[in-house]
Amino acid sequence: MALAGGARPATAAAEVPPPLPALRVLALGPAQVFAGEREVPASAWTYRKARELFFYLLDRPEATKAAIGLDLWPDASAEQLRNYLHRSLHFIRQALGSADRIVFAHGAYRINRDLPLRYDVAEFEAGLRGAAALGPPTALTAECRAALMALLDRAVRLWRGEYLADLDAGEWAILRREELRLAYLRGLLDLGQAHLLDGRYAEAAAVYRRALAEDPYLELAERELMRCLARQGESGGALRRYRDLRSLLAAELGAVPSPETTLLYERIRRGDDV
């Protein structure tokens, strides 16, 4: 039946646009961005600095134009900065398929976190914060250590490599990269210690090996790996680890193992309990 005045009924499709696909961003390792099931290719950003700006904004609550200029275009004039920034924002919105992903309010730019978003760095740091809030592994009950291990295990599994490993970014990213690497190592050391306290020596050894793969000079991890091997009846392997460490430190740093590590070596060599 026709409506009075020839008016047509409005359709829901015309009134409500389809929701934007959830954004999933991986930055621990090679950078990847997914809009729903579709990966946004590196070529979609058009301009290298646009991709860098996206990750820069993603890693902080908000950023003023001045801060962005200082970190991404430190040598640009005011006019150049305005042009670079507007062009980069245009390319970001184009790559992500929406102008709503970036918000400008109160003199600052930010990622619109009201839209569905998963970010591995945020999840990684949240897991580490949750574990740290429980306290050090040595001060926890077995039940609390189990909760700590679950948090740490989920967090460190997100690590695919150093932050923005394939992105040629500025000093801001280099500093952030080292901050996250140290957080990852601290998480591994706590996770290894928790396994060790519960007598899971094989699991602890695997965690310490991961830490040493990231930093072969991390003597605390090497020492605890020696302890794990000795407790599993692999004293020969523990002694070889020490000798290899001694050779590495001498060749690369002109240094020797710490007294704590040498004492542990001597105790294992004598067959003492460690």
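**Close-up 1. The buried residues of helix α2 are Lys49, Ala50, Arg51, Glu52, Leu53, Phe54, Phe55, Tyr56, Leu57 and Leu58.** Like the other views here, this one comes from a predicted model. If you count along the helix, ten of the eleven residues in α2 are buried, so α2 is mostly covered. Look just before the helix and you'll find the loop between β3 and α2, which is where threonine 46 sits. Threonine 46 isn't a glycine, yet its phi is positive, at about 70 degrees. Is threonine 46 buried or exposed? With a relative accessible area of 54%, threonine 46 is exposed, since the cut-off for that label is over 50%.

**Close-up 2. Four strands line up as an open sheet in the order β3-β2-β1-β6.** The pairing in this sheet is mixed. Which strands stand at the edges? They are β3 (38–39) and β6 (117–119). Each of these two has a single partner strand, so one side of each has no neighbour in the sheet. Further in, β1 (residues 23–26) and β2 (residues 32–35) run antiparallel and share four bridges. To spot one pair, start at leucine 23: its bridge partner in β2 is alanine 35. Now for what lies against the sheet. Helix α2 (residues 48–58) packs on it and touches β1, β2 and β6. The direction of α2 makes about 95 degrees with that of β1. Helix α5 (residues 120–134) packs on the sheet as well, touching β1 and β6. Compare the directions of α5 and β6, and the angle is about 65 degrees.

**Close-up 3. Strands β1 and β6 pair in the parallel sense.** How many bridges join β1 and β6? There are three. One pair to look for is arginine 24 with its bridge partner in β6, arginine 118. Follow β1 the other way and you reach its hairpin with β2, where five residues lie between the strands. In this hairpin, glycine 29 takes a positive phi near 115 degrees.

**Close-up 4. Histidine 106 lies in the loop between β4 (102–105) and β5 (108–111).** Here is another residue other than glycine with a positive phi, this time near 55 degrees. Histidine 106 counts as exposed because its relative accessibility is 84%, and anything over 50% gets that label.

**Close-up 5. Helices α5 and α7 (residues 171–197) cross at roughly 40 degrees.** Two numbers help when you look at a pair like this: packed helices are described by the angle between their axes and the distance between the axes. The axes of α5 and α7 come within 11 Å. The angle makes α5 oblique to α7, and the crossing is left-handed. Which residues meet here? From α5 come Val121, Phe124, Glu125 and Leu128, and from α7 come Arg176, Leu180, Ala183, Tyr184 and Gly187. Sort this contact by class and you get six nonpolar, one polar and two charged residues.

**Close-up 6. The axes of helix α9 (residues 219–231) and helix α10 (residues 235–253) come within 7 Å.** They cross at roughly 160 degrees, so α9 and α10 are roughly antiparallel to each other. This crossing is left-handed. On the α9 side, the contact is made by Glu219, Glu222, Leu225, Met226, Leu229 and Ala230. On the α10 side, look for Ser235, Gly237, Ala238, Arg241, Tyr242, Leu245 and Leu249. Taken together, the residues of this contact divide into eight nonpolar, two polar and three charged.

**Close-up 7. Glutamine 232 lies in the loop between α9 and α10.** What does glutamine 232 touch, leaving aside residues up to four places away in sequence? The answer is Tyr201, Ala202 and Ala205. Glutamine 232 counts as partly exposed because its relative accessibility is 34%, which falls between the cut-offs of 20% and 50%. For a sense of scale, try glutamate 143: glutamine 232 is 89 residues from it in sequence, and the two lie 24 Å apart in space, C-alpha to C-alpha.

Notes. Residues are numbered from 1 along each chain as its sequence is written. This is a predicted model: local features need pLDDT of at least 70, side-chain atom pairs count only at pLDDT 80 or more; totals for chains, interfaces and linings use all residues. Side-chain values use heavy atoms; hydrogens and water are left out. Axes are lines fitted to C-alpha atoms, for helices over the stretch in contact, and angles run from 0 to 180 degrees between N-to-C directions. Angles under 35 degrees count as roughly parallel, over 145 as roughly antiparallel, 65 to 115 as roughly perpendicular and the rest as oblique. A crossing is left-handed if the near helix is turned anticlockwise from the far one by less than a right angle, and right-handed if clockwise. Contact means heavy atoms within 4.5 Å. Ala, Val, Leu, Ile, Met, Phe, Trp, Tyr, Cys and Pro count as nonpolar, Asp, Glu, Lys and Arg as charged, and the others, Gly among them, as polar. Two strands pair if DSSP finds at least two bridges between them. Buried means under 20% relative accessible area, exposed over 50%, partly exposed in between (1.4 Å probe, protein chains only).
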